[in-house]
Amino acid sequence: MSYVVVRYPEPRDVYIDDEGQGSNTAASGKPRALFVNAGKHTFRLSGAGVDPPEQTVNVPERPILNPYPVEFRKC
Amino acid sequence: MRRLGGVLVALLVGLTVAGCAVPANPRLGAYGTSGYRYANARPDVAEEDLFVILAFSGGGTRAAAFSYGVLEGLRTIRHRPAGGVERTLLDDVDVISSVSGGSFTAAHYALFGTDGFKDFEENFLYRNIQGELVTRAATRWPRLLRSDVSRIDLAADLYDEVVFKHATFATLLEQAPRRRPYLLLNATDMTLGARFEFTQDQFDLLCSDLTTVPVARAVAASSAFPILLSPLTLHNYSGGAPCDDFRPPRWLTNGLESTDQPRRMTLARNLLSYRARAQNQPFVHLLDGGLSDNIGLRGPYIALSGQDSAWSLYTKINQGKVRRVLVIAANARTGRDPEWGKRESPPGVIDVLDLVTTGPMGNYSFETVQLIAEHFARLRSDLESFRACESLAKDQCPAFSMPFDLPADVAFHAVELAFENVKNDAGQDDERLKNCLEGLATAFVLPRAQVTLLRQVAQRLLMMSPAFIEAMQGIAPGWQPPNVPIDPAILAEACPTR
């Protein structure tokens with residue numbers, strides 16, 4: 001098991017393997033860690049202006065206090 | 001001799017009659033999102049705040065009666081969710097995953113709800129199904145000479161007529177507005193030695209339509225105990241139109257490439273193998289689900305521990321839909337005969353056969369229950385670590401704020417109900433009752449008193465389970481479990497040597 005934080009400059013819905021996982025941002029405005037099982041997953045965000053449009057990463061086992069970062073840029 | 005002795009006659013009948021199975025699953029017309037899937041069986045996401053999963057083990061009528069007692073116990077518990085109307089805990093059950101004997105109870109409840117309880121008692125629990133199976137095999141044996149009929153077909157026909165009233169998976173889908181649980185009937189694929197579930201997600205891999213398949217056939221496959229019953233055969237249509245249109249879900253293709261995660265990779269490889277081997281192996285032969293998972297928890301474990309499932313709990317938690325997860329496993333496993341170690345002469349052939357066929361199942365079930373318990377403990381520990389770390393940092397530096405938030409504040413509860421945990425009113429182990437329960441036969445007939453005893457024991461175990469009480473006090477603060485006594489007259493009749 002693992003945890004990821006999906007980073008993007010503004011709130012967006014996160015899709016892991018095409019399934020919606022809710023927002024990347026908590027109600028507090030901070031990034032929100034997400035439950036994920038370790039191994040390969042494809043990440044994408046809702047809406048336009050996201051670079052890359054999607055990315056497949058091999059998520060390592062991570063404890064909750066050190067979630068694996070998945071970064072998207074605004075374009 | 002005590003457990004399998006009762007089915008010896010059926011075994012002899014079974015061994016003397018040959019049979020080949022016939023595929024009874026039609027080809028899929030077109031790929032889509034319809035059919036018996038979680039999203040179609042449980043369309044109201046508002047139902048998921050408290051997510052309850054029941055797992056019913058194998059063990060013939062013993063398992064069916066024990067799991068039925070769990071349903072009865074859940075029905076007696078009433079609570080009122082915040083902002084909602086009063087309901088029973090049975091109304092909150094989202095998924096029932098079952099194997100073998102437990103599949104009869106699971107499927108009947110999913111089809112007929114509590115209105116069908118009385119029918120289930122009459123038509124299955126207190127009925128000599130085993131005797132009727134033997135009678136059918138004896139009186140209809142000429143039918144078995146046909147190449148398209150097998151012993152499992154006679155069993156499925158009997159279950160279809162007397163227990164499930166010709167219901168199909170389309171009938172199950174029609175129950176969705178009545179808040180019935182999603183049913184996972186588990187069998188074992190003989191070629192893979194792996195779990196096979198009767199859902200449209202699995203049937204997509206065979207390019208087959210589950211909708212018109214009788215529920216009784218799935219239950220028959222789930223309870224096709226080796227040798228006693230022949231395997232149930234399905235056709236794998238993969239290949240050609242419209243089967244070539246199939247696009248595997250992303251989690252499946254990514255799982256296949258997760259070489260550093262052997263469990264994920266093996267699951268994906270097994271599932272995708274149905275596509276690869278359809279040309280050379282167009283048939284899938286299914287046996288008792290207990291051979292690959294005799295507690296029915298493997299499917300839920302996959303859903304509870306990642307995104308590799310059509311009803312992933314990780315996804316539902318990330319979406320903020322699920323706040324509390326409660327898993328209740330009704331494990332009707334029996335113990336080994338304590339007399340074995342007291343005699344110099346070794347156990348006989350029937351005892352050895354019993355151990356060979358059920359021993360590994362029991363060991364594997366124990367491991368699966370432990371997997372869930374450890375997984376929940378890890379999740380709880382992670383969430384507590386996060387909060388403790390934040391609290392500690394704030395003590396030193398009040399302005400501190402964690403750089404990210406938790407995915408959700410979720411509570412996890414795993415409850416295993418097993419005979420070995422039965423206790424007396426003083427809270428001490430009830431060894432004599434335990435020994436009686438662990439000595440009950442694995443057969444599709446039990447004396448009435450034993451069936452009634454199993455129902456009472458299940459409710460008693462549920463209400464005395466510390467893990468269940470903890471879960472209930474979270475669901476309904478202030479809840480106190482009722483005392484569930486065992487009727488002494490039933491006990492004396494069911495366990496005469498006590």
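These are my notes from a look through a predicted model with chains A and B.

**Chain A, overall**

I started with chain A and its secondary structure, which comes to nine strands and zero helices. Read along the sequence, I just get β-β-β-β-β-β-β-β-β. Its radius of gyration is 11 Å, close to the 11 Å from the globule rule for 75 residues, so chain A is as compact as a globular protein of that length. I get a C-alpha trace of about 30 × 25 × 20 Å along the principal axes. Buried residues are 40% of the 75 in chain A. I also looked at contacts with a separation of 6 or more: in chain A, 56% of them join residues 24 or more positions apart.

**Chain A, backbone oddities**

I looked for cis peptides and found one between A:Asp51 and A:Pro52, with omega about -5 degrees. A:Pro52 sits in the loop between β6 (50-51) and β7 (54-59) of chain A.

Next I checked for positive phi outside glycine. A:Asp18 turned up, with phi near 75 degrees. I placed A:Asp18 in the loop between β2 (13-16) and β3 of chain A. Is A:Asp18 buried or exposed? I find 12 C-beta neighbours inside 10 Å, so A:Asp18 counts as exposed.

**Where A meets B**

I then turned to the interface. Here 29 residues of chain A are in contact with 31 residues of chain B. On the chain A side, the elements giving two or more residues are β3 (19-23), β4 (33-36) and β5 (39-45). Sorted by class, that side of chain A has 14 nonpolar, nine polar and six charged residues.

**Chain B, overall**

For chain B I get 20 helices and ten strands. The radius of gyration is 23 Å, close to the 23 Å that the globule rule gives for 498 residues, so chain B is as compact as a globular protein of that length. Its C-alpha trace spans about 80 × 65 × 50 Å along the principal axes. Of its 498 residues, 48% count as buried. Among contacts in chain B with a separation of 6 or more, 83% are between residues 24 or more positions apart.

**Helix α11 of chain B and its partners**

I followed α11 (residues 215-222) of chain B through two packings. The first is with α4 (residues 101-112) of chain B: the axes come within 9 Å and cross at roughly 160 degrees. At that angle α4(B) and α11(B) are therefore roughly antiparallel. I note the crossing of α4(B) and α11(B) as right-handed. From α4(B), the contact uses B:Ser103, B:Phe104, B:Ala107 and B:Leu111, and from α11(B) it uses B:Val215, B:Val219 and B:Ser222. By class, I get five nonpolar, two polar and no charged residues in the contact of α4(B) with α11(B).

The second is with α8 (residues 151-162) of chain B, where the axes of α8(B) and α11(B) come within 8 Å and cross at roughly 130 degrees. That makes α8(B) oblique to α11(B). The crossing of α8(B) and α11(B) is right-handed. α8(B) supplies B:Ile152, B:Ala155, B:Ala156, B:Tyr159 and B:Asp160, and α11(B) supplies B:Ala216, B:Arg217, B:Val219 and B:Ala220. The contact of α8(B) with α11(B) has seven nonpolar, no polar and two charged residues. I see B:Val219 listed in the contact with α4(B) and again in the contact with α8(B).

**Helices α3 and α5 of chain B**

α3 (residues 60-76) and α5 (residues 117-125) of chain B pack at about 170 degrees, with axes 12 Å apart. They are therefore roughly antiparallel to each other. I listed B:Thr61, B:Ala64, B:Ala65 and B:Tyr68 from α3(B), against B:Phe120, B:Phe124 and B:Leu125 from α5(B). That contact has six nonpolar, one polar and no charged residues.

**Loops of chain B**

B:Ser100 has a positive phi of about 50 degrees, though it is not a glycine. I found B:Ser100 in the loop between β4 (93-99) and α4 of chain B. With 32 C-beta neighbours inside 10 Å, B:Ser100 counts as buried.

Chain B also has a cis peptide bond, joining B:Ala241 and B:Pro242, with omega about -5 degrees. B:Pro242 lies in the loop between β7 (232-235) and α12 (250-256) of chain B.

My last stop was B:Gln279, in the loop between α13 (262-276) and β8 (283-288) of chain B. B:Gln279 has 11 C-beta neighbours inside 10 Å and so counts as exposed. I looked at B:Asn236 too: it is 43 residues from B:Gln279 in sequence and 8.7 Å away in space, C-alpha to C-alpha.

Definitions and conventions:
Residues numbered from 1 in each chain as written. Chains lettered and ligands numbered in written order. Predicted model: local features only at pLDDT ≥ 70, side-chain atom pairs only at ≥ 80, totals over all residues. Axes fitted to C-alpha atoms, helices over the stretch in contact; angles between N-to-C directions. Helix = DSSP H or I, 4+ residues; strand = E, 2+ residues; numbered from the N terminus. Parallel < 35°, antiparallel > 145°, perpendicular 65-115°, else oblique. Left-handed = near helix turned anticlockwise from the far one by under 90°. Contact = placed C-beta atoms within 7 Å. Nonpolar A, V, L, I, M, F, W, Y, C, P; charged D, E, K, R; others polar. Rg over C-alpha atoms; globule rule 2.2 N^0.38 Å. Buried ≥ 20, exposed ≤ 12 C-beta atoms within 10 Å, placed from the backbone.
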